[in-house]
Amino acid sequence: MTAARYAQGKRALGMCDRCGFVYKLHELRYEVEDQRKNGLRVCRECLDIDHPQLRLGEIVIQDPESLFDPRPDLDERASTSFFGWNPVGGLNMVIRSAVGTVTVQAD
């Protein structure tokens, strides 16, 4: 069986499937969704590229949320305390306002 031969269509016109304007047939591009042609032939202005974000499942991503066989925290005080550095007032500071006075001191 021989391969089908088509006319070159140098002067052939085609209509954009999205906006409806008439263009030369060779200027219209096939639109691709999820790496497959969806059958639409559109002009350059209407052409939407196949966005990589739409290719779900192509890259295997594993994001485990918990640890296997975790150990208990033995030093709870050290792991739950906060550390801060205040270059302006240091560790001991007094805040005075019209409402009252607040004193902050280090342990």
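Buried residues make up 7% of the 107 residues in the protein chain of this predicted model. Among the contacts with a separation of 6 or more, residues 24 or more positions apart account for 13%. The secondary structure comes to 1 helix and 6 strands, and from the N terminus on these elements run β-β-β-β-α-β-β.

**The nonpolar core**

The largest nonpolar core holds 5 residues in all, namely C16, L28, V42, C43 and C46. In soluble globular proteins, nonpolar side chains tend to be buried together. One member of this core, L28, has contacts with G14, M15, C16, Y23, R41, V42 and C43, when residues up to four places away in sequence are not counted. Three of these partners, C16, V42 and C43, belong to the core as well.

**The salt bridges**

The structure holds 2 salt bridges, and they are listed in the table with their N to O distances.

| Salt bridge | Distance, N to O |
|---|---|
| R18 and E31 | 2.9 Å |
| R18 and D48 | 3.1 Å |

Side chains of opposite charge can pair when their charged atoms come close. Which residues are linked in a network of salt bridges? The network consists of R18, E31 and D48, with R18 taking part in the bridge to E31 and in the bridge to D48.

The R18 and E31 side chains meet in a salt bridge. R18 lies in the loop between β1 (13-15) and β2 (22-24), whereas E31 belongs to strand β3 (residues 29-33), so this pair ties together parts that are 13 residues apart in sequence. The side chains of R18 and D48 also meet in a salt bridge. That pair links distant parts of the chain, 30 residues apart, since D48 is found in the loop between β4 (36-42) and α1 (76-80).

Is E31 buried or exposed? The relative accessible area of E31 is 2%, which is under 20%, and therefore E31 counts as buried. R18, at 40% relative accessibility, counts as partly exposed. D48 is likewise partly exposed, because its relative accessible area of 45% lies between the limits of 20% and 50%.

**The second largest pocket**

The second largest pocket has a volume of about 150 Å³. Its lining is formed by P52, Q53, R55, L56, G57, E58, I59 and I61. By character, the lining residues divide into 4 nonpolar, 2 polar and 2 charged.

Technical notes:
Residues numbered from 1 in each chain as written. Predicted model: local features only at pLDDT ≥ 70, side-chain atom pairs only at ≥ 80, totals over all residues. Heavy atoms only, no water. Core = buried A, V, L, I, M, F, W, Y, C linked by side-chain atoms within 4.5 Å. Buried < 20%, exposed > 50% of the residue type's maximum accessible area, 1.4 Å probe, protein only. Contact = heavy atoms within 4.5 Å. 1 Å grid on protein atoms, 1.4 Å probe; cavity = no way out; pocket = protein on both sides within 12 Å on 5 of 7 lines; lining within 4 Å. Points joined across faces, edges and corners; volume = space filled by probe spheres on them. Nonpolar A, V, L, I, M, F, W, Y, C, P; charged D, E, K, R; others polar. Salt bridge = Lys/Arg side-chain N within 4 Å of Asp/Glu carboxyl O. Helix = DSSP H or I, 4+ residues; strand = E, 2+ residues; numbered from the N terminus.
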